[in-house]
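Welcome! Take a moment to look over the molecule shown here, and then we will walk through it together, topic by topic.

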There are 2 protein chains.
Amino acid sequence: MGFERLKRLILGDPLSNEMAVHEHLPKWKALAVLSSDALSSVAYATEEILIPLSLFAVTAVAWSLPIALAIAALLIIITISYRQTIDAYPGGGGAYTVAKENLGVKAGLVAAASLLIDYVLTVAVSIAAGVENIAAAFPALASHKEGIGLICILIVMLFNLRGVKESASVFAIPTYFFVLSIVTLIGVGSFKLMMGIHIPVAPVVHEVYPAIPVFLLLRAFSSGCSALTGIEAISNGIPLFKDPKQKNAKATMLWMGLILGSLFLGITLLCHLYGIIPSEGETAISLLSKEIFGKQAFYYVIQASTALILLLAANTSYADFPRLASLLAKDGFLPRQLAILGDRLVFSNGILGLSLASMILIVVFKGDTHLLIPLYAVGVFLSFTLSQTGMVIHHLRHRESHWIKSLVFNFLGAVTTFIVFMVIGMTKFMHGAWVVVLLIPCMVFFFFQIKKHYLHVATQLSGVSMPTQGDLEPLRHTAIVPISGLHPGVIKALRYAVSISDDVRACYVELNPEATQRLKAIWDQTLPQIPFIVLKSPYRSVISPLLDYIDDVEKITHDEVITVIIPEFVTSKWYHQFLHNQTALFLRAALRFRRGKVVTSVRYHLQ
Amino acid sequence: MGFERLKRLILGDPLSNEMAVHEHLPKWKALAVLSSDALSSVAYATEEILIPLSLFAVTAVAWSLPIALAIAALLIIITISYRQTIDAYPGGGGAYTVAKENLGVKAGLVAAASLLIDYVLTVAVSIAAGVENIAAAFPALASHKEGIGLICILIVMLFNLRGVKESASVFAIPTYFFVLSIVTLIGVGSFKLMMGIHIPVAPVVHEVYPAIPVFLLLRAFSSGCSALTGIEAISNGIPLFKDPKQKNAKATMLWMGLILGSLFLGITLLCHLYGIIPSEGETAISLLSKEIFGKQAFYYVIQASTALILLLAANTSYADFPRLASLLAKDGFLPRQLAILGDRLVFSNGILGLSLASMILIVVFKGDTHLLIPLYAVGVFLSFTLSQTGMVIHHLRHRESHWIKSLVFNFLGAVTTFIVFMVIGMTKFMHGAWVVVLLIPCMVFFFFQIKKHYLHVATQLSGVSMPTQGDLEPLRHTAIVPISGLHPGVIKALRYAVSISDDVRACYVELNPEATQRLKAIWDQTLPQIPFIVLKSPYRSVISPLLDYIDDVEKITHDEVITVIIPEFVTSKWYHQFLHNQTALFLRAALRFRRGKVVTSVRYHLQ
C-alpha cells in the first residue's frame with residue numbers, strides 16, 4: 001500500500017525485538033542525546049543572570065561572578081547526587097520511579113507531572129529560541145517564526161520516530177560542534193587577556209560588590225538556575241546506554257557536569273572581564289564573541305552553533321518524555337497506547353503526543369519565548385527535590401555499602417534543590433509560575449481518574465468465572481438488511497445475511513411511493529422468500545425509520561442480538577467515497593450505545 | 001439523546017413532507033428573501049460609479065448621471081427578460097436550467113459554475129461589508145472583523161437551517177426597514193432642494209460633460225453594474241412562492257425592478273446635486289445623509305439599516321445556492337447528498353457547504369472586501385448572457401403565444417448583458433476577474449468527473465441480470481476472532497461467532513510468551529472446541545500478524561467470505577474510549593480494500 005511504503009521511506013523498515021540491543025548507545029553518543037538540553041543552557045544562562053542585575057545598576061553586574069559560583073556549586077551537588085541515584089536504580093531512576101518507591105504514589109505522580117510539563121516547555125522554548133536566533137540572522141524570516149518553529153518540531157519528531165540510534169547519530173555532531181566552538185571562544189578570549197592584547201574592564205580580585213537588595217540577588221540566581229534544567233536526563237536514560245550501563249551512565253554524568261560547569265563559569269568570567277552587558281535584542285554570547293573575534297567568520301560560526309544547539313535541546317525531551325509517559329501508562333496513570341513500542345522500537349505515541357503539545361504551545365504563544373520562560377524550571381526543581389528526598393529515604397531503608405556517604409550527598413542535594421525550588425517559585429510566581437503550580441495538581445487528579453477507570457474495567461472483566469459450555473450455545477438472531485434498490489451490492493449483502501441467520505428481513509425506506517411499487521413488484525417475483533418491509537419516512541430521514549423498526553423487531557422476537565447488515569460500496573479511489581451516502585457510518589454511530597445490536601457492512605467493490 | 005435534543009432546540013422539530021406547502025411564501029416575504037441581495041447594492045452602487053470618476057477629475061463625476069441612466073435602462077431590460085423566463089419555466093428558470101435545455105449541457109454547467117462562485121462571493125463580500133460598517137461605528141471591534149464575520153455567517157446559516165419560512169420572517173423586517181429609510185432620505189433630500197433650503201451644487205440640465213477616456217467611462221459603468229447582481233434570484237426561486245406561483249413571481253420581479261431602479265437613480269441624482277464625492281473611509285450614503293440630516297438620530301438610523309441590509313444580502317445566496325446545488329446533484333454533477341431535503345425541508349448540506357466555502361474566503365482574505373469585489377459580477381453577467389441566449393433559442397423553438405415580443409426582449413437582454421460581461425471582464429481582468437475566468441472551466445471539468453463516476457457506478461450495478469435463487473445459497477465462511485485474553489467481552493464475541501459460522505478460530509497475538517502459556521492452559525481446559533491460534537509478532541504490531549493469518553486462511557479454505565469478529569469495549573462515557581486500544585478501527589481500515597472480508601465488532605458495554 002502507498003501509505004505503508006511512504007512510512008517506511010520516511011521512518012525506515014520495522015525493527016524486530018531482537019534488534020533492541022543494537023539500539024543502545026556508546027557514551028559519546030549518549031552524552032550528545034541526553035545532555036544537549038543541559039549544555040544548550042550555556043547559550044543563555046549567563047545572560048539570564050546579567051539581565052536582572054544590569055537593570056538595577058551597571059555596577060551590580062559584578063555580582064554575576066559569585067552567583068555563577070553558587071550555581072556551579074549546586075551543579076556539583078546535583079551531579080554527585082544523581083550518580084548515587086544511578087547506583088541505586090540501574091533500571092533508570094527517573095524522579096517518578098524514585099519518588100514513587102520511597103515517598104509514595106502521590107509524590108511520584110507530582111514529580112511525573114512536573115517533569116512532563118517541563119519536557120513540553122523545553123521543546124517549545126528551545127525551538128522558539130533557536131528560531132529567534134535564525135530570524136536575527138535572516139530578518140526576512142521574522143514574520144514566519146511560528147511556521148518555521150512548527151517545521152523544526154516536525155523534523156525533530158521524524159528523526160525520533162526513526163529510532164534512538166539514528167537520532168543520536170544526527171544530533172551528536174551539532175552538540176560537539178557547539179562545545180568545541182564555546183571552548184575556542186573561551187580559549188582565545190583568555191589568551192588575549194593573558195597576552196595583554198585585551199585589557200580587562202573589571203579587576204578579577206579585590207572586587208567591590210555594590211549593595212543590592214537580596215531579592216534581586218535571588219532573582220538573578222534563580223534565573224541562572226535555568227543552567228541546571230535537563231541534567232537529570234542521564235539518570236533517567238540508563239536503559240539507553242551500552243553495557244555496562246550503570247558504569248557508563250555514571251561516567252557520562254560526570255563528564256556532562258564537568259563540561260557544563262566549566263563552559264558556564266568560563267563564559268560568565270569572560271563576560272565579566274570584557275565588561276559585557278547584554279542589551280535588548282543582542283545576546284551575551286553574541287556580544288562576547290564580537291568583542292573577542294570582531295565580526296569575522298568565527299563570530300558567525302559561534303552564532304550558527306548556538307542556534308543549532310538550541311534547536312537540538314528539544315531532542316533531550318524527546319528521549320525522556322516518551323519513556324516517562326510509558327512508565328506512567330504501564331502503571332495505568334496514562335492511556336495504555338503510550339506504553340506500546342512502535343515498529344522502530346521507540347514509544348511512537350509519546351513522541352507524537354510531545355510534538356502535538358509543544359506545537360500547540362508554539363501556536364498559542366505565537367513562538368514568543370518571553371511568555372514561556374517563567375513557567376520553566378519550577379517543575380524541574382520540584383522533581384529534583386522529590387527525587388533527592390526519595391533517595392534519602394532509600395538509603396535509610398536499604399543501608400547498602402557506603403550508604404552514609406551517599407545519604408549525605410543526597411540530603412545535601414534535597415535541601416539545596418528545595419531551597420532553589422522555593423526561590424524560583426517565589427521570584428517567578430507572578431510572572432507565570434502560578435500556571436505550573438495550578439497545573440500539577442490538575443494533572444495528578446487526571447492521572448488518578450485514568451487509573452480509576454482502568455481499575456473499574458478490570459474489576460468488571462475479572463468478576464466473572466471461567467467460561468462454561470453454555471456460554472457458547474449459538475444464539476438466535478435476526479438479520480436486518482437495509483436496501484436502497486436491487487443491485488449486485490444488495491444481493492451480496494442478502495446472501496451473507498442468509499448465511500448467518502435464519503430470519504432475514506430486507507428493509508426499504510420509502511421516499512417515493514411509486515419507486516416502492518416498482519421495486520416491490522420485482523422483489524415478489526425474484527426473492528419471495530425474503531420479507532420485503534417498507535418503512536415510511538415522513539421526515540425524509542433514512543436512519544430514524546430503521547432505528548424504529550429495529551426496536552420493534554427486538555420487542556417482538558426477544559432476540560439477544562440483532563445484526564444489521566448494510567450493503568456498502570467501496571469505490572476504487574478513496575475520494576470517490578464522498579460521492580456516496582454514508583448511511584453505514586451514521587447507522588453505526590446511532591447504534592453504538594444500544595445493547596445487543598451488531599452492525600456489519602458487506603462491501604461491494606466498484607471498479 | 002443529548003445531540004438530538006440540542007439540534008431540535010436550535011433548528012426546531014422536523015417538518016413532514018405534507019408541511020411543504022405551508023413553507024411557501026407570500027409575495028411580500030418572497031420579495032424580502034429574494035431581493036435583499038439586489039436591494040443592498042443601493043448601499044454601494046452609486047459610490048462604485050463615483051470613485052473611478054472622481055479619481056480622474058472632480059468634474060468627471062458629472063458623468064455619473066448618464067452612467068446611472070444606462071444602468072437603469074439595463075435593469076429594465078433584464079427585468080423584462082426575466083419575466084419572460086418566469087413565463088417559460090414555471091418550475092424555476094435558473095440560468096442552469098435555461099442554458100442546459102436550450103444551449104446544451106456544457107453551457108448549462110458554465111452558467112451553474114459562475115453562479116455558484118458568485119453566490120459564495122456574495123455571502124463573503126456582503127458579510128464582510130456589513131461587518132466593516134459595524135466596525136466603522138464601533139472602532140473597538142475593528143481588530144475582530146474576521147471573528148465577527150464568521151459569527152454572522154453562522155447566525156444566517158442557523159436561520160436558514162431552521163427553514164425557509166422562518167428565515168423569511170426574520171429577514172423581511174430589515175429589508176423593508178432599509179427601503180423605507182432610503183425612501184425617506186430621498187424624499188427629505190428632494191424636499192429640501194425644492195423648497196430652496198438647500199441650493200444644488202450642480203445644475204441639473206444643460207450639464208457640461210468634461211472629456212474623459214472611454215475606458216474610464218466603461219470602468220465606472222462596469223463598477224456600477226454591481227447594482228444588478230442578485231436580480232436573477234426571483235426567477236430562480238419560483239418554487240418558493242405561494243400559488244399562483246408564476247403570477248406572483250412576475251409581480252414580485254416587477255416590484256423589485258421598480259424599487260431597485262428608483263432607489264438607485266434617486267441616490268445617484270441626489271449625490272450629484274449635493275456634490276457628494278465619496279472619500280477614503282466614508283461611504284456616499286453616509287456623506288449624503290450627513291448633508292441632508294446633519295449628524296442627527298436619523299443619520300444613525302440610515303447607517304444601521306445599511307449595515308443590516310448588507311449582512312442580509314447574504315441571505316439571498318442562501319435561498320439560491322442550495323437549490324442550484326440540488327439541481328446539479330440530481331443531474332449527477334455534484335455529490336448526491338446535496339439533493340437531499342433535510343428534516344426542516346431545506347437542502348441542509350447545500351446550506352452547510354455555502355457557509356463553509358464563504359467562511360474559508362473570509363478567513364483567507366481576512367475579512368477584506370477590496371480583494372474580493374473584483375472577482376464579483378463577472379460570473380453574474382456570464383450567467384445572465386447564457387440564460388438570455390437560451391431564452392432566445394427557446395422562443396425560436398417553441399413559438400408560444402406572443403413569442404416575437406418575448407424574443408425581442410430576450411435578444412436585447414442577451415446582447416446587452418454580453419456587452420456588459422465583456423466590459424466587466426476586460427476592465428476587471430487584471431484586478432482579479434482572471435481567477436473566476438480560470439475557476440469556471442475547472443469547476444465544469446470537476447462536474448463532468450463526478451458525472452462520469454456516477455455513470456460508471458450505474459453501469460456496473462445495472463449490468464447484472466435479475467437475482468436468481470442461486471444468488472442466495474448460504475455461503476461457507478470462516479469466522480476469525482482476535483482475542484487479547486479471556487474475559488466476558490471475548491466470550492460474547494465467541495458466542496456470536498459460533499452462531500454465525502461452523503468454523504470459528506480464536507487468534508492471539510503473542511507479545512509475551514509466558515502470558516501465552518498461561519492463557520493456552522486455561523483455554524484448553526474450558527474451550528477445547530475452538531481452535532486457539534498463536535500468532536508471533538516480531539515487530540510488536542497487532543494488525544500485521546492478523547492480516548497475514550487471514551490471508552493464509554483464505555488460501556487454504558477458498559472461502560468466499562471471511563468474517564473477522566472483534567470483541568470491542570464500549571465505555572459508558574465516550575471520552576473513556578480513548579483509554580482503550582483502537583484495534584477494531586485499525587483492522588477495519590486495513591481490510592477496507594480487500595475483497596471478501598467482513599469486519600464485525602461485537603460490543604461489550606462497560607458500566
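What turn and what shift along the axis lay chain B on chain A? A turn of 179° and a shift of 0.0 Å along the axis do it, with an RMSD of 0.3 Å. Keep in mind as you read that this is a predicted model.

**How the two chains are related**
- The turn and shift that lay chain B on chain A are the relation of a two-fold axis.
- In chain B, Ile500(B) has the C-alpha nearest the axis, at 2.2 Å from it.
- Both copies use the same surface: of the contact residues of chain B, 100% recur in chain A.

**Two helices packed in chain B**
- Two packed helices are described by the angle between their axes and the distance between the axes.
- Helix α2 (residues 27–40) of chain B packs against helix α11 (residues 245–273) of chain B at about 45°, and their axes are 10 Å apart.
- That angle makes α2(B) oblique to α11(B), and their crossing is right-handed.
- Residues of α2(B) that meet α11(B) include Lys27(B), Leu31(B) and Leu39(B), while the α11(B) side includes Asn248(B), Trp255(B) and Leu260(B).
- Sorted by class, this contact of α2(B) with α11(B) has 9 nonpolar, 3 polar and 1 charged residues.

**A closer look at Ala112(A)**
- You can find Ala112(A) in helix α6 (residues 105–137) of chain A.
- Ala112(A) counts as buried because it has 29 C-beta neighbours inside 10 Å, and the cut-off for buried is 20 or more.
- Leaving out residues up to four places away in sequence, Ala112(A) touches Tyr96(A), Leu324(A) and Leu328(A).
- Ala112(A) and Phe321(A) are 209 residues apart along the chain, yet their C-alpha atoms are separated by 9.8 Å.

Definitions and conventions. Residues are numbered from 1 along each chain as its sequence is written. Chains are lettered from A and ligands numbered from 1 in the order in which they are written. This is a predicted model: local features need pLDDT of at least 70, side-chain atom pairs count only at pLDDT 80 or more; totals for chains, interfaces and linings use all residues. Copies are superposed by least squares on the C-alpha atoms of residues with pLDDT of at least 70 in both. Two residues are in contact if their C-beta atoms, placed from the backbone, lie within 7 Å. Axes are lines fitted to C-alpha atoms, for helices over the stretch in contact, and angles run from 0 to 180 degrees between N-to-C directions. Helices (H or I, at least four residues) and strands (E, at least two) are DSSP runs, numbered from the N terminus. Angles under 35 degrees count as roughly parallel, over 145 as roughly antiparallel, 65 to 115 as roughly perpendicular and the rest as oblique. A crossing is left-handed if the near helix is turned anticlockwise from the far one by less than a right angle, and right-handed if clockwise. Ala, Val, Leu, Ile, Met, Phe, Trp, Tyr, Cys and Pro count as nonpolar, Asp, Glu, Lys and Arg as charged, and the others, Gly among them, as polar. A residue is buried if 20 or more other C-beta atoms lie within 10 Å of its own, exposed if 12 or fewer, and partly exposed in between; C-beta atoms are placed from the backbone.
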